[in-house]
Amino acid sequence: MTARLDYSSYQFQGHDELCLQVGAIHAKTILIIPPLFDEMNRMRRMLVDMMRLLAEHGIGSILPDLPGTNESLFPQEQASLKIWRQALATCSETLSEPHHIASFRGGCLIDDFNDDAEKWRLSPAKGLTLLRTMMRTRMASDKEAGLSTDMAQLVAEAKQGQVNLAGNSIGHTLFAELEDALPAQSDSVRTVQLENNTQQADVRIVGSALWLRAEPGDDMLLSGAIATDLAAWVAA
């Protein structure tokens, strides 16, 4: 039987932020920190499939909206890495202890809100890498519209208040944070990469890099590989 999708919420700075939850009846729970920006849109279907597979392993999972993302009413231009960490800390307080944290891509930049929890990371991304990808997307879009835009202009625009990158209103605080952001170092992190990736990893899994696709998609091979590794990690 396919596991049921449920919705819950956590309150943050006067807003009810939605959470997608699967397997709430299970004793063990994984807090999922999603990829950031347009990578989340490309990977959400895969994450939902993964959550359902985790439930088959007897593991619950919860995927929260970050303030200013998805269905959130929090002003997008006011979002920052600091605010997202605070929101995740608030969300985690609604979960039974102990729980585990699994972060994906840019989500690995904000999983350090809890130093004590064990962490699992898939293909951690640098903030500057995400930022430059979105800037190149904006430049390409402007070119198609007959406009000439370069990175220096976008940096200047961000410093003046906010800049629109790949459909995201990035405030100057978030822009500045992303320029220097790296996943926090920790002794209790399991790093996972795709099998064709040469970066440091504790384990490599099969699947496609959905975050690089032009459109949202799924990959049951990847969802299954992630669910299997997460289940083994939680049981260890």
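Here are two short exercises on the predicted model above, each with a worked solution.

Before you start: local features need pLDDT of at least 70, side-chain atom pairs count only at pLDDT 80 or more, and totals for chains, interfaces and linings use all residues. Residues are numbered from 1 along each chain as its sequence is written, and side-chain values use heavy atoms, with hydrogens and water left out.

**Exercise 1.** Work out how the radius of gyration of the protein fits that of a compact globule with 236 residues.

*Solution.* Start with the rule: 2.2 Å times the number of residues to the power 0.38, with the radius taken over C-alpha atoms. For 236 residues that puts a compact globule near 18 Å, and the protein has 18 Å, so the two agree. Next, look at the span: the C-alpha trace runs about 55 × 45 × 35 Å along its principal axes. Finally, check burial (buried is under 20% relative accessible area with a 1.4 Å probe, protein chains only): 50% of the 236 residues make the cut.

**Exercise 2.** Describe the surroundings of strand β4 (residues 59-64).

*Solution.* Strands here are DSSP E runs of at least two residues, numbered from the N terminus. First, cover: 6 of the 6 residues of β4 are buried. Then sort the directions: Ile59, Ser61 and Leu63 point one way, while Gly60, Ile62 and Pro64 point the other. That's the usual pattern, as side chains in a regular strand alternate between the two faces of the sheet. Now the neighbours, where pairing takes at least two DSSP bridges between strands. Strand β2 (residues 15-22) pairs with β4 in the antiparallel sense over 4 bridges, and Val22 stands opposite Ser61. Strand β3 (residues 28-33) pairs with β4 in the parallel sense, over 4 bridges; here Leu31 has Ile62 as its bridge partner.
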